[in-house]
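Trainee: Could you pick one part of this model and take a really close look at it with me? I'd like to know what it touches and how it sits among its neighbours.

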Amino acid sequence: PGGLRRRPPRGLRRACETWSALIQAAEPAPLAAQRGEGRRISVLKELIKWPLGMTDHTLPALALAALEMLPMSTQRFVEAGRALKQELLAALGEDGVLLYPPYPRVAPRHNRPLLRPFDFAYCGIVNVMGFPSTQVPLGLNAQGLPLGVQVIGAPGQDARTIAVAIALEKQFGGWVPPPDLPG
């Protein structure tokens with residue numbers, strides 16, 4: 001508390017693994033069963049159908065369901081998630097915010113997220129731990145792609161993240177429509 005800190009907490013480095021473990025701990029039913037509304041889907045069958053547009057499931061959801069089938073211990077990542085939450089709570093204090101990128105790179109062009117389906121983890125980890133986060137558009141980069149940051153606060157501090165987001169949006173000009181870019 002009290003001061004500018006330039007380094008994010010170390011626990012955010014394993015955001016995807018921690019997010020997945022915390023989701024599994026919160027919802028013990030496997031993702032394949034959740035996707036099938038109680039009846040387990042065949043992940044392999046749905047992956048084969050995906051390129052043909054014949055499945056109701058997204059590629060990231062199918063990839064996560066496939067990962068759940070691998071034998072691995074999630075307990076250490078659940079513990080890492082609990083430790084990260086405590087670290088964030090201590091760093092944020094009563095009135096702090098964390099400015100953190102929503103994704104590890106600028107906004108991707110259409111269909112590019114299919115090549116990196118786990119880039120959502122920067123947003124997902126904040127969400128699964130119950131921290132409010134407000135996304136703020138900050139203009140465009142040199143290639144005309146949108147830039148932004150998420151303002152993260154302690155649980156119950158939604159109004160603070162929104163207030164900081166509004167101030168940042170005013171300072172940086174807010175949302176800017178991207179130019180027409182070749183696909």
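Mentor: Sure. Read from the N terminus, the protein chain goes α-α-α-α-α-β-α-β-β-α, which adds up to 7 helices and 3 strands. (Those are DSSP runs, H or I of at least four residues for helices and E of at least two for strands, numbered from the N terminus.) Before we zoom in: this is a predicted model, where local features need pLDDT of at least 70 and side-chain atom pairs count only at pLDDT 80 or more, while totals for chains, interfaces and linings use all residues. Residues are numbered from 1 along each chain as its sequence is written, and side-chain values use heavy atoms, with hydrogens and water left out.

Let's take helix 6, residues 121–128. Its axis and that of helix 1 (residues 15–26) come within 9 Å and cross at roughly 40°. Axes here are lines fitted to C-alpha atoms, for helices over the stretch in contact, with angles from 0 to 180 degrees between N-to-C directions. So helix 1 is oblique to helix 6; oblique is what remains after roughly parallel (under 35 degrees), roughly antiparallel (over 145) and roughly perpendicular (65 to 115). Ala 121, Gly 124, Ile 125 and Val 128 are the helix 6 side of the contact, facing Ala 15, Cys 16, Thr 18, Trp 19, Leu 22 and Ile 23 of helix 1. Contact means heavy atoms within 4.5 Å. The two helices cross in a left-handed way, that is, the near helix is turned anticlockwise from the far one by less than a right angle (clockwise would be right-handed).

Now look at what is tucked away. Ala 121, Gly 124, Ile 125 and Val 126 of helix 6 are buried, meaning under 20% relative accessible area; exposed is over 50%, and partly exposed is in between (1.4 Å probe, protein chains only). Their cover includes helix 1, helix 5 (75–92), strand 2 (133–140) and strand 3 (146–152). Ala 121, Gly 124 and Ile 125 turn up in both lists, touching helix 1 and counting as buried. Just past the helix, Gly 130 follows with a positive phi, near 85°.

For the wider picture, buried residues make up 32% of the 183 residues in the chain. Among contacts with a separation of 6 or more, 63% join residues 24 or more positions apart.
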